[in-house]
Amino acid sequence: MDMDIIKQGLDDLADRDPHVATGLDLVGYPEPRIRPHGFHTLMRIIVGQQVSVHAAAAIIGRVEALMPEVTAEAFLELEEDALRGAGLSRRKVEYSIGLAQAVVGGDLHLDRFPAMSDEEVIAELSALRGIGRWTAEIYAMFSLGRPDVFPADDLALQEGLKRLKKLDARPTPKVARGIVEDWSPWRSVGSLFLWHYYKGAPE
């Protein structure tokens with residue numbers, strides 16, 4: 001999703017949803033988040049789970065420094081102790097190795113993803129240990145550029161939606177999906193805006 005897509009989608013949403021129109025006037029357009037398609041990005045997403053952005057960047061930097069090139073094949077050459085020394089938990093070492101093995105062994109067909117539907121991509125990724133629906137949805141949005149994905153389990157999205165829609169409480173994932181159903185086919189763009197709104201709008 002480049003800036004043109006973001007502006008097109010948000011302008012359309014603002015025409016249809018007065019809350020989006022008001023929020024857009026307040027915080028403006030979010031910047032694109034474009035990530036490469038492939039093992040490297042999936043590995044980075046796993047490493048970054050449940051840690052701060054700063055900590056994730058430091059750990060990812062140390063892991064990447066262990067390899068001449070960040071590929072699934074190179075990752076499988078690394079010793080587990082080296083990965084632990086770089087800051088990965090035992091569980092993340094397990095998940096990352098499982099991801100690399102799936103790519104190298106042909107169980108995960110990343111080359112087929114561009115031609116697959118959103119739900120097919122999410123289902124295939126979610127079948128791997130350590131990659132839940134949220135991770136798969138984030139990958140579909142930012143690495144495959146899918147414009148109509150809404151990762152409803154994301155707490156910041158829920159809180160952003162609460163503020164934007166002036167709700168009494170943060171919506172559950174099920175309720176959040178229902179609220180943004182009318183945002184289709186721009187729910188990824190709407191998600192990007194909600195993160196932006198969550199950070200930039202006053203309480």
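**S188 and its surroundings**

I started with S188 and listed what it touches, skipping neighbours within four places in sequence: M1, M141, R146, P147, D148 and V149 are in contact with it. I'm working on a predicted model here. S188 belongs to helix α12. Is S188 buried or exposed? I got a relative accessible area of 0% for S188, and since anything under 20% counts as buried, S188 is buried. I then checked where its side chain goes: the side chain of S188 comes to 2.7 Å from the backbone nitrogen of V149. V149 is therefore on my list twice, once for that 2.7 Å pair and once as one of the contacts of S188.

**Helix α10**

Next I went through α10, residues 155-165. How many of its 11 residues are buried? I noted 9, so I have α10 down as mostly covered. The buried ones are A156, L157, Q158, E159, G160, L161, R163, L164 and K165. I wanted to know what they pack against, and found three helices: α2 (18-27), α11 (173-179) and α12 (187-200). That last one is the helix that holds S188.

I looked at both ends of α10 too. At the N-terminal end, D154 acts as the cap, with a side-chain oxygen 3.0 Å from the backbone nitrogen of A156. A156 is also one of the buried residues of the helix. At the other end, K166 follows α10 and has a positive phi.

**K166 and P185: backbone checks**

I stayed with K166 for a moment. Its phi is near 55°, and K166 is not a glycine. I flagged it because most residues other than glycine have a negative phi. K166 sits in the loop between α10 and α11. Its relative accessible area is 66%, and over 50% counts as exposed, so K166 is exposed.

Then I checked the peptide bonds. Which one is cis? I found the bond from S184 to P185, with omega near 10°. I noted it because most peptide bonds are trans. P185 lies in the loop between α11 and α12.

**α3 against α9**

I turned to a helix pair, α3 (residues 39-47) and α9 (residues 133-142). Their axes come within 11 Å and cross at roughly 140°. The cut-off for roughly antiparallel is over 145 degrees, so α3 counts as oblique to α9. The crossing is right-handed. On the α3 side, I wrote down T41, L42 and I45 as making the contact; on the α9 side, T135, I138 and Y139. By type, these residues come to 4 nonpolar, 2 polar and no charged.

**V47**

While on α3, I looked up V47, which is in that helix. V47 has a relative accessible area of 0%, so I put it down as buried. Skipping neighbours within four places in sequence, I found V47 in contact with A56, I59, I60, L88 and K92. I also took a distance across to α10: the C-alpha atoms of V47 and G160 are 25 Å apart, with their positions 113 residues apart along the chain.

**A115**

Last entry. Where is A115? I found it in the loop between α7 (90-105) and α8 (118-126). A115 is exposed, at a relative accessible area of 75%. I checked one distance from there: Q8 is 107 residues away along the chain, and the two C-alpha atoms are separated by 23 Å.

Technical notes. Residues are numbered from 1 along each chain as its sequence is written. This is a predicted model: local features need pLDDT of at least 70, side-chain atom pairs count only at pLDDT 80 or more; totals for chains, interfaces and linings use all residues. Side-chain values use heavy atoms; hydrogens and water are left out. Helices (H or I, at least four residues) and strands (E, at least two) are DSSP runs, numbered from the N terminus. Buried means under 20% relative accessible area, exposed over 50%, partly exposed in between (1.4 Å probe, protein chains only). Axes are lines fitted to C-alpha atoms, for helices over the stretch in contact, and angles run from 0 to 180 degrees between N-to-C directions. Angles under 35 degrees count as roughly parallel, over 145 as roughly antiparallel, 65 to 115 as roughly perpendicular and the rest as oblique. A crossing is left-handed if the near helix is turned anticlockwise from the far one by less than a right angle, and right-handed if clockwise. Contact means heavy atoms within 4.5 Å. Ala, Val, Leu, Ile, Met, Phe, Trp, Tyr, Cys and Pro count as nonpolar, Asp, Glu, Lys and Arg as charged, and the others, Gly among them, as polar. A polar contact is a pair of N or O atoms within 3.5 Å; within protein, one must be able to donate a hydrogen and the other to accept it, and residues adjacent in sequence count only if both atoms are side-chain atoms.
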